[in-house]
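Hi,

Here is the structure I promised to pass on. Have a look at it first, and then read my notes below.

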Amino acid sequence: MFDDATIVAIATANGIGSISIVRISGVNALEIAKKISKKNTFQPRLATLSYIYDENNETIDEAIVLYFKAPFSFTGEDVVEFQCHGGVAIANIIVDEVLKYGARLANPGEFSKRAFFNNKIDLTKAEAISKIIEARSADAVKLLARQLKGELTNFVNEIREDLLFMLAYTEVSIDYAEEDLPSDIFDQIENKIQKIILKLSNTLEASRRREGMIEGFKVAIIGKPNVGKSSLLNKLLNYDRAIISDIAGTTRDTIEESVRIGTHIIKIVDTAGIRTASDIIEKIGIEKSIQTINEADIVIALFDNSKICDDEDKKILELINENLNKEIIKVLNKSDLENKFDKSNLMDFIELSTKEDINPLIKKVENFLDSNTHSDEMTLISKRQVTSVEDTLYNINLAKEPLVSGELEFFAHFITEALGNISSITRPYENDEMLDVMFGEFCLGK
Ligand SMILES: Nc1nc2c(c(=O)[nH]1)N(C=O)[C@@H](CNc1ccc(C(=O)N[C@@H](CCC(=O)O)C(=O)O)cc1)CN2
Ligand SMILES: Nc1nc2c(ncn2[C@@H]2O[C@H](COP(=O)(O)OP(=O)(O)OP(=O)(O)O)[C@@H](O)[C@H]2O)c(=O)[nH]1
Ligand SMILES: [K+]
Ligand SMILES: [Mg+2]
């Protein structure tokens, strides 16, 4: 799975800062540390101030050395950290010295990979660490920290236990006479299955809703040409990102930009106007809008308050009515002009002008994001985890019928499959290639 080389890397970001950390892991870590510090010994887990020397005995830096004795370290191996002065030069010189004593440079994610293979972390924790490093909002960090603490691992273990329980009783009843079993055992199993299905479905649903917390929620602006979609985008971004003009059809393609709203980072998508010019273009335009609506967490449907509500607006209102389970905010723009839009059929809406104050809209978006993020529901944080839960659910659903009809071998087969699916979330044993890909995506030095 990995060689037994001692590995070294700079653990901190490349750039100017007050302190940098060089980390060594492997059997020779302590030996190398003694050599470059000229110390005879390091007490585990005690910060020791020491000079660091190069091979010609010239002093490189004054650093804090931290020794973690195996197995009590992040990787489970002997680990030594040099907390040296920051900047780009010193840490690189220390790495070069360490390499001279026989260590090699770590590959991206190699420290975490070793931690995984030494049973220090499972995959949910590894994924959480990798995503925490890239997280851009406090919300994302808090959500990921829950997984770091083992929330998903516990969830997986509970389901595993239930599945193993079912499997054990099924095997027994295949092999032995029924009278040895509790009489209501299959009712119990059916009950458990229903509960697991609910638990997994809820988790998938909650994760889908909260996907945006990590990558950024998507907010799409739709509407017919010239209602002011790009004007709204620019106003939300606070700079002139998109071209604005009074020519209908100015925006030809979707524009996507990130911006902070409250504590959230969101992606705003400005779309080309939905037209009804000719049949074929109408179709393409509407299909594109449907796609945009599907991909968005929030849709801002924009109308021109200074014009009467025409067929094109009605088409968009129809689209909205087909997507009632989406968060759709209806906004009447250009309210600084004389209002002509018929509001009698609109349930709730915000009237504003992108030339004036758009705070009511920002507040509404922020409230929705807040309500979506402050929740106790557990969230899956990667496509890999979602796929595993979907596969588990698929096999458990397949197991229901043979259970009812008493075909216990089939039931056991599907439950065994489900067990493999759910277990792969924390520890997929048979898939080395996947692990290489996953850890390869980590930062250097992680
Ligand atoms: N200086 C430093 N800071 C760091 C890290 C690090 O490696 N070095 N981390 C790196 O990601 C994170 C902390 N994660 C860590 C996880 C486990 C152990 C560790 O030594 N575990 C031992 C002892 C456990 C204990 O004392 O409770 C073990 O698991 O046996 C260290 C850091 C963030 N901050
Ligand atoms: N009076 C007034 N004019 C506005 C307002 N918002 C936008 N406009 C004007 O409306 C015109 C169209 O604005 P855009 O932002 O380009 O509209 P769009 O919806 O992106 O248009 P397309 O990309 O062509 O679909 C421009 O001339 C804007 O200056 C507003 O609140 N009040
Ligand atoms: K325009
Ligand atoms: Mg535009």
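What follows is a short tour of the ligand sites, the metal ions and two helices. Keep in mind that this is a predicted model.

**The two metal ions**

Let's start with the metals. The magnesium ion (ligand 4) is coordinated at 2.0 Å by two side-chain oxygens, Ser230 (OG) and Thr251 (OG1). This pair links distant parts of the chain: Ser230 belongs to helix H9 (residues 229–237), while Thr251 sits in the loop between H9 and strand E8 (255–261), 21 residues apart. Both count as buried, since the cut-off is under 20% relative accessible area: Ser230 comes in at 9% and Thr251 at 13%.

The potassium ion (ligand 3) is 5.0 Å from the magnesium ion (ligand 4). Its protein donors are Asn226 (OD1), Ser245 (O), Ile247 (O) and Thr250 (OG1), at 2.6 to 2.9 Å. Along the chain, these donors follow the spacing N-x18-S-x1-I-x2-T. Two of the donors are partly exposed, Ser245 with a relative accessible area of 29% and Thr250 with 27%.

**Ligand 2**

Which residues are closest to ligand 2? There are 23 residues around it, and the closest are Lys229, Ser231, Gly249, Thr250 and Thr354. Helix H9 gives the most to this shell, with three residues. Some polar contacts to look up: one ligand oxygen is 2.8 Å from an N or O atom in the side chain of Lys229. The backbone joins in too, with a polar atom of Gly249 2.7 Å from an oxygen of ligand 2 and one of Thr250 2.8 Å from an oxygen of the ligand. The protein covers 90% of the 650 Å² of accessible area that ligand 2 has on its own. Thr250 is worth a second look, as this residue also gives its OG1 to the potassium ion (ligand 3).

**Ligand 1**

Around ligand 1 you'll find Arg23, Arg45, Phe68, Pro71, Phe72, Ser73, Phe74, Glu81, Gln83, Lys120 and Lys446. Two arginines reach oxygen atoms of the ligand with polar side-chain atoms, Arg23 at 2.8 Å and Arg45 at 2.9 Å. Glu81 deals with a nitrogen atom of ligand 1 instead, at 2.5 Å from an N or O atom of its side chain. Here the protein covers 50% of the 680 Å² of accessible area that the ligand has on its own.

**Helix H11**

Now to helix H11 (residues 311–321), where the buried residues are Asp313, Ile316, Leu317, Leu319 and Ile320. Why do they end up on the same side of H11? Because they cover an arc of only 155° around the axis. As a general point, an α-helix has 3.6 residues a turn, so residues three or four places apart point the same way. The face turned away from the buried side of H11 carries the exposed residues Asp311 and Asn321. At the N-terminal end, Asp310 acts as a cap, with a side-chain oxygen 3.1 Å from the backbone nitrogen of Glu312.

**Thr170**

One last residue: Thr170, in helix H6 (residues 151–175). Buried or exposed, would you say, for Thr170? Thr170 is buried, with a relative accessible area of 0%. Its side chain reaches the backbone oxygen of Met166 at 2.5 Å. Leaving aside neighbours within four places in sequence, Thr170 is in contact with Ile189, Leu408, Phe411 and Ala412.

Cheers

Definitions and conventions. Residues numbered from 1 in each chain as written. Chains lettered and ligands numbered in written order. Predicted model: local features only at pLDDT ≥ 70, side-chain atom pairs only at ≥ 80, totals over all residues. Heavy atoms only, no water. Buried < 20%, exposed > 50% of the residue type's maximum accessible area, 1.4 Å probe, protein only. Helix = DSSP H or I, 4+ residues; strand = E, 2+ residues; numbered from the N terminus. Arc of directions from axis to C-beta. Polar contact = N/O pair within 3.5 Å; in protein donor to acceptor, adjacent residues only side chain to side chain. Contact = heavy atoms within 4.5 Å. Donors = N, O, S within 2.8 Å, 3.2 Å for Na, K, Ca; no water. Near = heavy atom within 4 Å. Areas by Shrake-Rupley, 256 points an atom, 1.4 Å probe, with all protein chains shown as cover.
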